[in-house]
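Subject: Structure handover

Hello,

I am passing this structure on to you. Please open it first, then read my notes below.

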Amino acid sequence: MTEGISPTRLRVLFALFATATLLLSLRVGYWQTIGRAALLEGATDQLRSELVLEAQRGVIRDRSGRVLATTVDLRSLYAIPKRIPEQDRPAAAAKLAPLLATPAPTILAALNSGAEWLYLKRRLPELVARAVEALAIPGLGFEPEPKRLYPNDALAAQVLGFVNDDGLGQYGVEGMYDKILRGLPGRLTVERDPKDRELAVGLRTAVPPRNGADLVLTIDLEVQTAAERVLRAAIEKEKAPSGSIIVLDPRDGAILALASWPTFDPARVAVADPEALRNRAVSWTFEPGSTMKAVTIAAGIDKHVVTPATTYEDKGCTVIGGRRLCNAQGKSYGTTSVTQILERSANAGAVFVASRLGQDPLYQYLRAFGFGVATGVDLVAEATGAVRPLAEWYPVDVGTVAYGQGIAVTPLQLAMAYAAIANGGTLYKPYVVAATRDADGEHRTAPTVVRSPITADTADMLRTMLTSTVDKGISHGASLAGYSVAGKTGTAQIPSADGRYVDDAYISSFAGFAPANDPRFVAVVVIERPQSKLLGTITAMSAFHDLAIDVLRNARIQPDRP
Amino acid sequence: MRRPIQARPRDAQAVGRSRHGAGTTWEVRTFVVVAALICAVFLLVVLYLSQATAVATGGYETQRLERVRDELRRQNALLEVESARLDSPARIEAEAKRLGLVRAASISVVQAEPIAAKR
């Protein structure tokens with residue numbers, strides 16, 4: 001039989017087999033040595049899966065520990081359409097429509113879209129998720145997704161800020177403290193079977209996530225609620241486009257409440273007016289008007305150029321730098337003491353004190369009280385206000401700045417200046433985060449003294465004068481039964497783009513504190529463009545009055561007057 | 001005629017019995033040892049399998065319990081949120097208003113100092 005095969009053919013065949021064997025051996029050798037790691041990696045990849053363990057975002061609480069913002073896993077509803085028989089889809093869509101608040105045709109279109117997997121609705125409220133679950137529709141499933149929840153709805157929205165869809169904090173403390181709230185994600189490596197189930201006895205290595213720190217704010221939920229209530233009432237009464245209220249503790253600069261209008265719901269940022277995201281107490285500036293007279297007079301007394309009893313002859317107007325500056329409505333008061341300047345809110349009187357003081361000391365005191373520079377509050381987008389450099393001042397500026405024109409401040413800066421008067425002359429750095437809590441424990445924020453712009457004696461005199469302003473003077477609308485109140489109204493014109501003032505439009509404000517003898521809170525109320533024009537200060541005082549009642553009751557502060 | 005019984009040679013008989021008896025013992029012993037080994041291996045395998053099954057079952061039970069724990073934590077977080085929502089001063093104020101309640105016009109305060117001074 002073999003006699004027919006030529007030896008040459010046999011040799012060729014042998015050579016072919018030998019070559020093939022050699023090549024295969026080399027290949028096998030390659031995979032066993034050089035390519036081993038790649039093969040092993042491929043095999044491991046098929047078996048193992050790596051999961052990112054998201055860190056839990058920290059909870060934000062008020063000063064009493066009540067939840068202001070927290071993250072909860074809500075269930076997102078997904079569908080695998082091919083598992084829902086085609087004839088059953090219209091019925092499924094009809095059942096889901098009322099629960100998901102989505103039209104049935106929209107759901108049906110999604111199910112018939114040809115997608116293999118799709119979300120029908122993300123982050124469902126728990127009750128809705130349970131109702132959908134009870135329908136037991138095949139092909140539907142749930143997947144947990146984290147959702148930031150704000151149990152008090154829009155309350156303190158500008159303080160809190162919000163978390164965007166990427167899980168990043170924006171605005172407020174969510175933005176300012178995003179890094180520590182977010183924490184660090186962990187990693188989990190597990191082995192899975194072909195059905196993608198985790199093997200019970202397989203490899204399981206985990207680097208646990210480091211959860212974000214909790215924040216305890218200085219905000220008092222009751223005071224914040226009261227501030228927002230009275231601000232809304234004032235805004236509605238005056239049909240004003242915007243306003244803000246800030247309440248703080250003068251003893252350490254802790255912010256108790258911060259209300260800003262317009263506002264937004266952190267849970268529905270997508271539909272919010274961009275202007276509503278702006279925290280007007282911190283990121284907006286205005287010419288303060290007569291509330292600034294207290295600062296001017298504090299500077300004058302501290303510099304010993306006037307005393308509360310110093311008098312001048314008020315003729316209604318005064319000339320400075322070649323310009324005539326007048327009292328409101330040109331009223332003249334005759335012989336007027338420095339205390340009465342505040343009681344009557346006499347512009348000419350403020351000019352008188354500033355003239356005695358001089359440009360340079362006035363400027364230095366404004367800076368010492370913190371105007372023209374950010375307070376350093378731990379909230380994003382703080383405005384610095386505007387105090388022009390002394391070199392840019394015209395001679396008339398010493399007069400206008402004395403009663404709060406030609407200078408721009410934030411409501412927070414004004415509140416801090418009044419807090420310095422209230423607490424005996426110390427300017428604190430305001431803050432909203434009282435403590436952070438993480439795995440290492442609680443870290444409390446220590447109050448920070450910035451400087452002492454005036455002496456305790458000056459502050460004491462100012463408290464008495466401002467109390468007199470409420471008791472006998474123009475700020476009487478802020479007086480409270482049983483409590484001493486100190487404060488000052490402010491009506492400011494609004495500068496326009498062309499450098500003039502807008503006609504017949506004002507910003508009304510009131511800055512004050514109570515009890516005047518032992519101040520426990522300072523509040524600043526600002527209403528922009530009130531409908532009642534010059535009488536907007538009455539609404540501002542009324543708002544302060546209503547707010548003060550709640551704050552004093554809430555803090556259980558005993559009356560200091562019969 | 002009866003043939004006399006011929007005695008078998010001693011040696012032959014002894015040799016024959018000893019060879020047969022020794023073979024049986026070796027076979028039996030071998031059988032017993034092998035059977036014992038098989039049984040032992042079988043028992044070990046059964047033991048290993050039962051242990052492995054127990055571990056696997058335990059593992060799946062652990063996973064189930066972890067899921068239950070996570071769900072309970074989630075439910076707890078949801079309840080905390082609901083509690084905070086119900087506790088919200090704004091909601092309580094709105095509810096009080098709905099019920100026709102009004103804010104107290106004034107609150108009487110009892111001064112502590114005079115009382116303490118009288119004691």
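The notes below cover the core, two helix contacts and the contact between chains.

Please keep in mind that this is a predicted model.

The core

Start inside. The largest nonpolar core has 153 residues. Ile245(A) and Val247(A) have the most contacts inside it. Helix 16 of chain A, residues 411-422, gives the most to this core. Its share is 10 residues.

Take a look at Val247(A). Leaving out residues up to four places away in sequence, Val247(A) touches Val223(A), Ala227(A), Leu256(A) and Ala257(A). Val247(A) also touches Phe521(A), Ala523(A), Leu547(A) and Val551(A).

Helix 3 and helix 4

Next, go to helix 3 of chain A, residues 89-100. Helix 4 of chain A spans residues 104-111. The axes of these two helices come within 8 Å and cross at roughly 130 degrees. An angle over 145 would count as roughly antiparallel, and 65 to 115 as roughly perpendicular. The crossing of helix 3 of chain A with helix 4 of chain A is therefore oblique. Helix 3 of chain A passes helix 4 of chain A in a right-handed crossing.

Which residues meet here? From helix 3 of chain A come Arg89(A), Pro90(A), Ala93(A), Ala94(A), Leu96(A), Ala97(A) and Leu100(A). From helix 4 of chain A come Ala104(A), Ile107(A), Leu108(A) and Leu111(A). By class, the residues of this contact are 10 nonpolar, no polar and one charged.

Helix 3 and helix 5

Helix 3 of chain A also packs against helix 5 of chain A, residues 126-135. Their axes come within 10 Å and cross at roughly 170 degrees. That makes helix 3 of chain A roughly antiparallel to helix 5 of chain A. Helix 3 of chain A brings Lys95(A), Leu96(A) and Leu99(A) to the contact. Helix 5 of chain A brings Val128(A), Ala131(A), Val132(A) and Leu135(A). This contact has six nonpolar residues, no polar ones and one charged. Note Leu96(A): it appears in the contact with helix 4 of chain A and in the contact with helix 5 of chain A.

Chain A and chain B

Last, the two chains. How many residues does the contact take from each? The contact takes 19 residues from chain A and 19 residues from chain B. On the side of chain A, strand 3 (67-79) and helix 9 (221-238) each give two or more residues. Strand 3 of chain A gives the largest share, four residues. The side of chain A that touches chain B divides into nine nonpolar, four polar and six charged residues.

Best wishes

Methods:
Residues are numbered from 1 along each chain as its sequence is written. Chains are lettered from A and ligands numbered from 1 in the order in which they are written. This is a predicted model: local features need pLDDT of at least 70, side-chain atom pairs count only at pLDDT 80 or more; totals for chains, interfaces and linings use all residues. A nonpolar core is a set of buried Ala, Val, Leu, Ile, Met, Phe, Trp, Tyr and Cys residues joined through C-beta atoms within 7 Å. A residue is buried if 20 or more other C-beta atoms lie within 10 Å of its own, exposed if 12 or fewer, and partly exposed in between; C-beta atoms are placed from the backbone. Two residues are in contact if their C-beta atoms, placed from the backbone, lie within 7 Å. Axes are lines fitted to C-alpha atoms, for helices over the stretch in contact, and angles run from 0 to 180 degrees between N-to-C directions. Angles under 35 degrees count as roughly parallel, over 145 as roughly antiparallel, 65 to 115 as roughly perpendicular and the rest as oblique. A crossing is left-handed if the near helix is turned anticlockwise from the far one by less than a right angle, and right-handed if clockwise. Ala, Val, Leu, Ile, Met, Phe, Trp, Tyr, Cys and Pro count as nonpolar, Asp, Glu, Lys and Arg as charged, and the others, Gly among them, as polar.
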